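Work through the following exercises with the sequence and the structure in view. Each one gives a task and then a solution in steps.

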There are 4 protein chains.
Amino acid sequence: MPSLRAHVYRVAAQGPDDTSGVEALFAAGLAAKNVVAILGKTEGNGCVNDFSRGYATRSFETLFRQHGADGVSLVMSGGTEGALSPHWTVFAREVVDAPAERALAIGVARTPSLPAQHLGRREQVLLVAEAVRVDAGIDDPSDVHFVQIKCPLLTLSRISAAEAEGKTLATRDTLKSMGLSRGASALGVAVALGEVDGGTLRDTDICYSHELFSHRASASAGVELTDHEIIVLGMSDRWSGPLAIDHAVMRDAVDVAAVREAYERLPANSRLAAVLAKAEPDPTGKIRGKRHTMLDDSDISGTRHARAFVGGVLAGLFGITDLYVSGGAEHQGPPGGGPVAIIVEKEH
Amino acid sequence: MPSLRAHVYRVAAQGPDDTSGVEALFAAGLAAKNVVAILGKTEGNGCVNDFSRGYATRSFETLFRQHGADGVSLVMSGGTEGALSPHWTVFAREVVDAPAERALAIGVARTPSLPAQHLGRREQVLLVAEAVRVDAGIDDPSDVHFVQIKCPLLTLSRISAAEAEGKTLATRDTLKSMGLSRGASALGVAVALGEVDGGTLRDTDICYSHELFSHRASASAGVELTDHEIIVLGMSDRWSGPLAIDHAVMRDAVDVAAVREAYERLPANSRLAAVLAKAEPDPTGKIRGKRHTMLDDSDISGTRHARAFVGGVLAGLFGITDLYVSGGAEHQGPPGGGPVAIIVEKEH
Amino acid sequence: MPSLRAHVYRVAAQGPDDTSGVEALFAAGLAAKNVVAILGKTEGNGCVNDFSRGYATRSFETLFRQHGADGVSLVMSGGTEGALSPHWTVFAREVVDAPAERALAIGVARTPSLPAQHLGRREQVLLVAEAVRVDAGIDDPSDVHFVQIKCPLLTLSRISAAEAEGKTLATRDTLKSMGLSRGASALGVAVALGEVDGGTLRDTDICYSHELFSHRASASAGVELTDHEIIVLGMSDRWSGPLAIDHAVMRDAVDVAAVREAYERLPANSRLAAVLAKAEPDPTGKIRGKRHTMLDDSDISGTRHARAFVGGVLAGLFGITDLYVSGGAEHQGPPGGGPVAIIVEKEH
Amino acid sequence: MPSLRAHVYRVAAQGPDDTSGVEALFAAGLAAKNVVAILGKTEGNGCVNDFSRGYATRSFETLFRQHGADGVSLVMSGGTEGALSPHWTVFAREVVDAPAERALAIGVARTPSLPAQHLGRREQVLLVAEAVRVDAGIDDPSDVHFVQIKCPLLTLSRISAAEAEGKTLATRDTLKSMGLSRGASALGVAVALGEVDGGTLRDTDICYSHELFSHRASASAGVELTDHEIIVLGMSDRWSGPLAIDHAVMRDAVDVAAVREAYERLPANSRLAAVLAKAEPDPTGKIRGKRHTMLDDSDISGTRHARAFVGGVLAGLFGITDLYVSGGAEHQGPPGGGPVAIIVEKEH
């Protein structure tokens, strides 16, 4: 009576190329071919010229190639501002000889390459929505608690290439392209999960109609890919094992109450396995009526401010700093807020 | 049967030169001559070239001059990273016709000008210690909960001037001079409060012997002064009114438990009046065993990272973002931690 | 037989509030009421949150008020990247008892306040164009060599206020608003000087149709004003004195040849009085076929890179570092290039 | 009658991992085993957390391994501020069947690993000095025109490891360690070339006694190595081919005259092959009597300012932007100045 079983490991990183912690997992028995995804927090600026992501990706590609595994989804999110700690969260799954019970399930998908002129537009939304409808053994969309997407961005060379072909792009601003790509990807999740109606969505809604959002999407843009890598996390009655997941939506950057409630819905007597969250500067320029300066600061990108601060809010609650807090939460939760997924391991 | 009574106002700032909120207090009846100090969070980088502090100082000097008041201590701390909100905390005191009871007391002092070659050395410690022994109506040193000091820093022109006179300085690095000045000032408080023995303290202990620290000092360096402005906050049986203060010492950047305990020691049914805190990157490069990258980041100063993060930790607890979180906590609390003072107003 | 005579002084600044060098000019005989403009290079980031400009402006306002002068145009351009040196260039004029001859002439103008919704649009272009047609004693538009404009920008509070009134803005991005404002102002100069046809210009040309530009416009955006301050520099047969001006248009950031030619057109045996230049990152991402990274750098704004580099190019030619190099050259010279004005004083 | 012949190629880089230009050289006939060194300008911040250097190094290691070559010295200098263009300069040498004549010669060396506690101290100077005395076929020290050294830096983990072993380090500040390492390495060159007396040199001279310097040293610090990679460039009567080298020492950041003179000493009718230069903020805070703000800027490291500016000075002279301008010139030329090497290829 076999079932699928998920594993989640949180591993410290000494630098973008430090794969030693994952190698140690392999040495301790984890089969490289069972790894489906790694979500990394790397220590670059998380913006356009963040090479820590590509460097980490290349380092893990080399490692997995050496271990004969391929197709592992590598989602590197740059930015460990404040006291956030660089780390890798390794997601693995295997068939075990155990009865199915309600447990964490992990699904993975990948889209075709996105033409530059589709970035930040309806075409990107629909491309992602189709891919999210992956079979993760999760039958009910309400059992999906987190969908992580790694999406592409525009660089000057991609812009030039597209324009040389006569294409018109959604933006010529490389930093802005990251936001548009994250926003369109998140709306793709929202469409797939029935949170937003894909039929009526227009290009101009993307990064503009902030009332349209997913409660469970998390998107990171990276220079190193032109397609999308998608990881779906949820609960399934067809999986087994001690891991469980739930999620909250922070209403604003200080909404610790919502996260605490989700944490309390999870089994007591359990160990924290991973916290996955999105953060962004409140676009109104205020939080609970008080002005913030993240969007007026020309020295530090607003996404860096937001990660540092929300990292602090969550670290105060959970008591750990190796949290996956990713910046840029366009259409990922309400404006200025964001989704937070919590994975715990029940103790015996 | 007259007594002294303290007032504390938290006022929003639209920019470093926005004194309109304080003008509104004057219009509503606050006498300018009763103001003893303003602690401002301004939106510069909080480091050497932060002109938001001097700009705010000049703006308030002009305002108070217009209202015929002088000698107000203006302590501007730069840096509203994360979601921290630029604001002024106004401290005032007046003689009222009310019986003395246990209440918040405010004392103020100012040192002579500090010669550049004394900065970061034993002479600075002793200069500050002497000034802290001010009569704030606080008889017992254990009733002191927060001592805020604005201290000078070295600029290239001050360094050149001193060296032209044949003086040898503790450092020629302007950013480093801010840390040395804060550290020596904090040790001055520690000596004054009996936390550290001033007799055995050496130059080389400053910013080095981290086990020596004050539980109640907070120092900010600013380019706009060459002396020290000192504000002492505590409880006194000779004052009156609804305000009360207590303090905590955060052991590390995520130590929300210590702050919650101090908050719970204060009267229930009270409104939060002000939170004053210090933050710094943990000098070991780790927090609870996990690496942070604040000290390896050459794009953003570690003090900026620390303010953003600890701002988030405290905002998650208190639910507000107009917190006075000041960076650079040398000898202010244990390494990587820092003191936090909480002022509340009892409701009737 | 009286004539007008211009004076130009280049004065070092120790900080944004250091007006001592100008006070020294007053002490040496310069009448404050004869000063028409000060062009300052201040040491902030030159972007949205650069308070060094407002601080300098306030400091000079105070100084001129003390000396009974008003209406002085204070144009503060932030950013002394590289080895650029903070300084003030003081422009003064007076009636002298001397025959008119061909010499530097200075005109000044100011527009009405610009509604936020006009910023970056045709209305701003036309507002500026009308104001530039000021009587500077310059009869022939071809005698105009430099038009300096200080223009407004959008802050979050201005955006919110305008949107609360139901207005739609050209942008909601504060940093981008600086570029739009500079671009529209420069096109206003181009329209006034007959370089661009104001009749056919559309909103969508602004910061887009880069082939439209002025050879003689220089615009800086500042948070501290909502109108435009305009200074026109040129040659006039109705003025007198030893000062002369000419200008070049740098084709790209390394086009030192064009500047050298303009310099050589000016009288030999003369002393350099001021160099005024604009710089911007080449929008193609390349200079003479080689990639630059200014527009992909999320840590340092492209305008800062451009000022530092072009500052170096010009300092190598002129041998001085107190050059007025201002960033953001939208429609000010060709894309990636910019106008440079050179003022010299003939020696006797 | 065989001789050695040097080749120098300047190759554009689209990013830190873009080795395609060098692959194209291989495809066009360059033998990978003949490559002795690559000097790269990569687009990180050039400071502690610049991963573009390590990423480039790893990319080239992979490439050379694929082509069966090893031992290639990879010197990656981070920072393409201003309009500097990311690129690789490839140095190769081969035995040719041609008579020896006076031509560019290239030598290479590598030191043993440097213990952390020797960094920035006399031990590092002597370790480098010994290695520089490599046989490059250059008999006369006066024929040496440029010695490029890649040296290690301290990271927090290296500091912790050394301190755990009871070692005392020259500094605990990671950014400062880069300067100390560059300074000690440059003094090593100076000792080897007879410019400084190694016998009397003390620890305290390093990064302090600025009057001691090499006219021909260039050092870059990188996180990815713990030893030193050394490349010696000079003229030799025992080599052959059309390449020639000379050098200048810039007295300060605007000293273009010295560079022009060196350029004019080289053969006319030649094509520019490479320009290699060092730049640093003038430690006095002034250049030709005018204040600069590089050392007071807490948002941008002084080394970044210096590269951007000196890049502009040299680009104005040479008309190209793919210049190797490397920051941090401690003991490399006089304070605030730096050595510049020019390599040209005589045309037939």
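**Exercise 1. A salt bridge in chain C**

Task: Is Arg172(C) buried, partly exposed or exposed? Describe its pairing with Glu163(C) as well.

Solution.
Step 1. This is a predicted model. In it, Arg172(C) has a relative accessibility of 43%. Buried means under 20% and exposed means over 50%, so Arg172(C) counts as partly exposed.
Step 2. Glu163(C), at 32% relative accessibility, is partly exposed.
Step 3. Side chains of opposite charge can pair when their charged atoms come close. Arg172(C) and Glu163(C) meet in a salt bridge with an N to O distance of 2.8 Å.

**Exercise 2. A salt bridge between distant parts of the sequence**

Task: Which parts of chain B does the salt bridge of Arg110(B) and Asp227(B) tie together?

Solution.
Step 1. The closest N and O atoms of Arg110(B) and Asp227(B) are 2.6 Å apart, and the two residues form a salt bridge.
Step 2. Arg110(B) belongs to strand 5 (residues 101-110) of chain B, while Asp227(B) lies in the loop between strand 7 (217-221) and strand 8 (229-240), so the bridge ties together parts that are 117 residues apart in sequence.
Step 3. Arg110(B) is partly exposed at 49% relative accessible area, whereas Asp227(B) is buried at 11%.
Step 4. Over all chains, the structure holds 75 salt bridges.

**Exercise 3. Salt bridges that share partners**

Task: Which residues are joined into one network with Glu81(A)?

Solution.
Step 1. A pair in chain D serves as a start: the side chains of Asp205(D) and Arg202(D) meet in a salt bridge, at 2.9 Å from N to O. Asp205(D) is buried, with a relative accessible area of 5%.
Step 2. Shared partners link salt bridges into one network of Glu81(A), Arg304(A), Arg307(A), Asp297(B) and Asp299(C).

**Exercise 4. Two aromatic rings on one helix**

Task: How are the rings of Phe60(A) and Phe64(A) placed relative to each other?

Solution.
Step 1. A pair of aromatic rings is described by the distance of the centres and the angle of the planes.
Step 2. The structure holds 18 aromatic pairs over all chains. For Phe60(A) and Phe64(A), the centres are 6.4 Å apart and the planes stand at 35°, so this pair is tilted.
Step 3. Both residues lie in helix 2 (residues 51-66) of chain A; because they are 4 residues apart there, about one helical turn separates them.
Step 4. Phe60(A) is buried at 0% relative accessibility, and Phe64(A) is buried at 3%.
Step 5. Phe60(A) and Phe64(A) form one aromatic cluster with Phe26(A) and Trp88(A).

**Exercise 5. The buried side of a helix**

Task: Where around helix 3 of chain C do its buried residues lie?

Solution.
Step 1. In helix 3 (residues 122-132) of chain C, the buried residues are Gln124(C), Val125(C), Val128(C), Ala129(C), Ala131(C) and Val132(C).
Step 2. These residues cover an arc of only 165° around the axis, so they are on the same side of the helix.
Step 3. Their cover includes strand 5 (101-110), strand 6 (144-151), helix 5 (174-192) and strand 8 (229-240) of chain C.

**Exercise 6. Relating two chains**

Task: What rotation superposes chain B on chain A?

Solution.
Step 1. The rotation is 180°, with 0.0 Å of shift along its axis and an RMSD of 0.0 Å. That is the relation of a two-fold axis.
Step 2. Of the interface residues of chain B, 100% are also interface residues in chain A, so the copies meet through the same surface.

Methods: Residues are numbered from 1 along each chain as its sequence is written. Chains are lettered from A and ligands numbered from 1 in the order in which they are written. This is a predicted model: local features need pLDDT of at least 70, side-chain atom pairs count only at pLDDT 80 or more; totals for chains, interfaces and linings use all residues. Side-chain values use heavy atoms; hydrogens and water are left out. Copies are superposed by least squares on the C-alpha atoms of residues with pLDDT of at least 70 in both. Contact means heavy atoms within 4.5 Å. Rings of Phe, Tyr and Trp (its six-membered ring) pair if their centres lie within 6.5 Å; planes under 30 degrees apart count as stacked, over 60 as edge-to-face and the rest as tilted. Helices (H or I, at least four residues) and strands (E, at least two) are DSSP runs, numbered from the N terminus. Buried means under 20% relative accessible area, exposed over 50%, partly exposed in between (1.4 Å probe, protein chains only). The arc is that of the directions from the helix axis to the C-beta atoms. A salt bridge is a side-chain nitrogen of Lys or Arg within 4 Å of a carboxyl oxygen of Asp or Glu.
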